[in-house]
Amino acid sequence: MGLRGFGVCVAIGTALLTASGFAAEHADGTGAILVYHRFGLTAGSTTVSDAALDEQLAWLAAYVRVAPLRSVLDALGKRAHSSDRPCVAITADDGHQSIYTDLYPRILRYRLPVTLFIYPSAISNAQYALTWPELTEMVASGLVDVQSHTYWHPNFEHEKARRSPADYRAFVDTQLVRSKTVLETRIGRKVDMLAWPFAIYDQELESAAVKAGYTAGFILGNRAVRPDTDRLALPRFWVSDSDRAARLAARLATACPVQTQMKR
Ligand SMILES: [Zn+2]
């Protein structure tokens, strides 16, 4: 995807880059999945400032191949050393209102696809959260995909500790199935990807997710996804306010081909 209306092209100058214009390492079909939470005028522990977001999205649109999350997963292990290989996916968890007010206008400007991991109990309910019409509008843009973050974002460790084994299993199933069902009914698209709340997962939860119809699960973790990564526990790079262009370039160079020159 090209970028229009930008100024001069600049080299980003990281040691990992070769004369061919792509990162020398990581030619083995890896990918990078980014995760955001909230946006606003000022940064916080889970909030990226609008100024940083502008800089990050401009850099992503210009220097790496951003693609829908599903495309990045499908491309794992394929076609090394290609700038066309879908390699970076953007996700945002929790359905905070600032996804609509701050992120959405910017992804429209840059034409960048984003996957939102949503827990439906909050939508059109909690004051901080998105509404169903906002989600529907964003999905209709063709740039936004909505996937599951369970039904109400429980801490599965706490729930396991305070429930009987049978009660816990039923609780897990309800969280996984109800979220998928409500989102598919409201949005009208397939939901088969799941971000684990608090990145808590284990073998029992993974089995429940597969049974509920999920084919991919996401956690946190500052590393690339690889063809052999557990598909129910795919790591994502947490993007912070301090990830300005050079720092973002350094982090993603471990996962993806990064162009030395801005795309035209
Ligand atoms: Zn969350």
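**Close-up 1. The zinc donors follow the pattern D-x54-H-x3-H along the sequence.** This is a predicted model, and we start our tour at its zinc ion. The protein donors here are Asp94, through OD, and His149 and His153, each through NE2, lying 2.1 Å from the zinc ion. Are the two histidines buried or exposed? His149 has a relative accessibility of 2% and therefore counts as buried. His153 comes out at 18%, which also counts as buried, because the cut-off is under 20%.

**Close-up 2. Leu57, Leu60, Leu116 and Leu135 touch the most other members of the largest nonpolar core.** This core holds 67 residues. Which helix gives the largest share of it? That is helix α1, spanning residues 50–63, with 9 residues in the core. Now take a look around Leu116. Leaving aside neighbours within four places in sequence, Leu116 is in contact with Ala92, Ile99, Leu130, Leu135, Met138 and Val144, and also with Asp145, Val146 and Gln147. Apart from this core lies another one, of 14 residues, with Leu76, Ala89, Ala216 and Phe218 among them.

**Close-up 3. Cys87 and Cys256 are joined by a disulfide.** How many disulfides does a search of the whole structure find? The search turns up 1, and here you can see its two sulfur atoms, 2.0 Å from S to S. The torsion about the S-S bond is about -95°, so this disulfide is left-handed. The pair links distant parts of the chain, 169 residues apart: Cys87 sits in the loop between α2 (69–75) and β4 (88–93), while Cys256 belongs to the segment after α8 (245–252). Both ends are tucked away from the probe: Cys87 counts as buried at 2% relative accessibility, and Cys256 counts as buried at 1%.

**Close-up 4. Tyr100 and Tyr104 form a stacked aromatic pair.** A search of the whole structure finds 7 aromatic pairs, and this view shows one of them. The two rings are 5.9 Å apart centre to centre, with 15° between their planes. Both tyrosines lie in helix α3 (residues 98–110), and their spacing of 4 residues is about one turn of the helix. Which of the labels buried and partly exposed fits each tyrosine? Tyr100 counts as partly exposed, at 22% relative accessibility, whereas Tyr104 is buried, with a relative accessible area of 8%.

**Close-up 5. Phe156 and Trp196 meet edge-to-face.** The centres of these two rings are 6.5 Å apart, and their planes make an angle of 75°. Why does this pair tie together parts that are 40 residues apart in sequence? Phe156 lies in helix α5 (residues 156–162) and Trp196 in the loop between β7 (193–195) and α7 (203–212), so the pair spans that separation. Phe156 counts as buried at 1% relative accessibility, and Trp196 is buried too, with a relative accessible area of 2%. Step back a little and you will find both in one aromatic cluster, formed by Trp152, Phe156, Phe171 and Trp196.

**Close-up 6. Arg163 and Lys180 each sit over an aromatic ring.** Arg163 lies over the face of Phe171, at 4.0 Å from the ring centre. Phe171 is one of the residues of the aromatic cluster in the previous view. What sits over the ring of Tyr214? Here it is the charged end of Lys180, 6.0 Å from the centre of that ring.

Methods:
Residues numbered from 1 in each chain as written. Predicted model: local features only at pLDDT ≥ 70, side-chain atom pairs only at ≥ 80, totals over all residues. Heavy atoms only, no water. Donors = N, O, S within 2.8 Å, 3.2 Å for Na, K, Ca; no water. Buried < 20%, exposed > 50% of the residue type's maximum accessible area, 1.4 Å probe, protein only. Core = buried A, V, L, I, M, F, W, Y, C linked by side-chain atoms within 4.5 Å. Helix = DSSP H or I, 4+ residues; strand = E, 2+ residues; numbered from the N terminus. Contact = heavy atoms within 4.5 Å. Disulfide = S-S within 2.5 Å. Phe/Tyr/Trp six-rings, centres within 6.5 Å; stacked < 30°, edge-to-face > 60°. Lys NZ or Arg CZ within 6 Å of the ring centre and 35° of its normal.
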